[in-house]
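Thanks for coming. I have one structure to go through today, and I will put it up now so that you can follow along.

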Amino acid sequence: MPAKPIAPETLQLIDAVRDALLDCTAVEEKTMFGCHVFMVDGKMCLGVENDELLVRLPPASHAQIAEMPGVRPLSSRGLMDGYFLVGPTAYARRDQWLYWIGEALAFNPLAKATPKRKTASKAANKADSRKPAAEESPGAPGASSARKRSKPSPKPLDTDAPRKHPIFDSE
């Protein structure tokens with residue numbers, strides 16, 4: 001089944017975050033929590049889900065930030081303190097945008113990196129590596145599951161269009 005196409009507004013927001021992280025080193029883009037996220041130094045820092053900005057901030061300030069207008073916690077069950085979805089009304093002005101980007105980048109060096117988990121396919125692959133190669137067939141189940149597939153970064157539909165998010169059009 002083909003992947004669901006990403007809305008142009010979402011692509012513009014992803015580009016705006018990408019541009020905001022140009023000066024950062026070790027930036028990696030992934031899909032996590034159903035969002036397009038930006039890992040900085042191996043830690044989730046920012047992301048985009050539809051028209052919302054995903055930010056990772058200090059868990060100690062979770063209650064205060066959750067009360068801000070246009071902001072909601074990523075998890076309603078309190079499982080992910082410090083992760084917030086910021087709606088367009090809360091990042092519509094340049095000063096608001098810079099606030100969220102700055103806060104997420106300021107917290108990033110202090111954030112705890114999530115340790116890499118061993119997946120079942122890696123464990124199976126490790127067990128398979130002990131078997132002679134003759135037993136493995138190219139069409140065998142799980143033969144290609146150990147390969148890491150990197151998803152290409154989404155590209156704007158019109159490459160000649162300015163890479164500017166509509167929230168900054170009025171400035």
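I will start with the overall layout and confidence, then go to the cores, helix 1 and the salt bridges.

Please keep in mind that this is a predicted model. The chain has 171 residues, and buried residues make up 31% of them. There are 4 helices and 6 strands in the chain. If you read along the sequence, the order is α-β-β-β-β-α-β-β-α-α. The accessible surface comes to about 11400 Å², and carbon and sulfur atoms account for 56% of that. On contacts, take the ones between residues at least 6 apart in sequence: 55% of these join residues at least 24 apart.

Now confidence. The mean pLDDT of the chain is 78, with 68% of the residues at 70 or more. Which element has the highest mean pLDDT, and which has the lowest? Helix 3, residues 94-107, is the highest at 97, and helix 4, residues 120-129, is the lowest at 56. Over residues 133-162 the pLDDT is below 50, and in the model this stretch has 18 contacts beyond near neighbours in sequence. Where pLDDT is low, the predicted coordinates should not be read in detail. I will leave that stretch there.

Next, the interior. In soluble globular proteins, nonpolar side chains tend to be buried together. Here the largest nonpolar core has 23 residues. Those with the most contacts inside this core are Val17, Leu46, Leu53, Val55, Val86, Trp97 and Trp100. Which elements supply at least two residues each? They are helix 1, strand 2, strand 3, strand 4, strand 6 and helix 3. In residue numbers, strand 2 is 35-40, strand 3 is 43-49, strand 4 is 52-56 and strand 6 is 83-86. Apart from this core lies another one, of 8 residues, among them Val37, Met39, Leu54 and Leu74.

Take Val86 as an example from the larger core. Leaving aside residues up to four places away in sequence, Val86 touches Asp51, Glu52, Leu53, Val55, Gly70, Val71, Tyr91 and Trp100. Please remember Glu52 from that list, as it comes back later.

Now helix 1. This helix has 13 residues and reaches 18 Å from its first C-alpha to its last, close to the 18 Å expected at 1.5 Å a residue. Its buried residues are Thr10, Leu11, Leu13, Ile14, Asp15, Ala16, Val17 and Arg18. What covers them? The cover includes strand 1, strand 2, strand 3, strand 4 and helix 3.

Just ahead of this helix, Ile6 lies in the segment before helix 1. Ile6 is partly exposed, because its relative accessible area is 38%, and partly exposed runs from 20% to 50%. Ile6 and Asn50 are 44 residues apart in sequence but 8.2 Å apart in space, C-alpha to C-alpha.

Two charged residues appear among the buried ones of helix 1, Asp15 and Arg18, which brings me to the salt bridges. The structure holds 4 of them, and I will go through three.

In one of them, the side chains of Asp15 and Arg18 meet at 2.5 Å, N to O. Both residues lie in helix 1, 3 residues apart, about one turn of the helix. Why does Asp15 count as buried? Its relative accessibility is 4%, and buried means under 20%. Arg18, at 18%, counts as buried too.

Arg18 also meets Glu29 in a salt bridge, at 2.8 Å, N to O. Glu29 lies in strand 1, residues 27-32, and Arg18 in helix 1, so the pair ties together parts that are 11 residues apart in sequence. Is Glu29 buried or partly exposed? At 24% relative accessibility, Glu29 counts as partly exposed. Taken together, Asp15, Arg18 and Glu29 are linked in a network of salt bridges.

The last one I will show is between Glu52 and Arg72, with the closest N and O atoms 2.8 Å apart. Glu52 lies in strand 4 and Arg72 in strand 5, residues 71-73, so this pair ties together parts that are 20 residues apart in sequence. Glu52 is buried, with a relative accessible area of 14%, whereas Arg72 is partly exposed, at 39%.

That is what I have for today.

Technical notes: Residues are numbered from 1 along each chain as its sequence is written. This is a predicted model: local features need pLDDT of at least 70, side-chain atom pairs count only at pLDDT 80 or more; totals for chains, interfaces and linings use all residues. Side-chain values use heavy atoms; hydrogens and water are left out. pLDDT is the predictor's confidence in each residue, from 0 to 100. Contact means heavy atoms within 4.5 Å. A nonpolar core is a set of buried Ala, Val, Leu, Ile, Met, Phe, Trp, Tyr and Cys residues joined through side-chain atoms within 4.5 Å. Buried means under 20% relative accessible area, exposed over 50%, partly exposed in between (1.4 Å probe, protein chains only). The expected span of a helix is 1.5 Å times one less than its number of residues. Accessible areas come from the Shrake-Rupley method with a 1.4 Å probe; for residues, only the protein chains shown count as cover.
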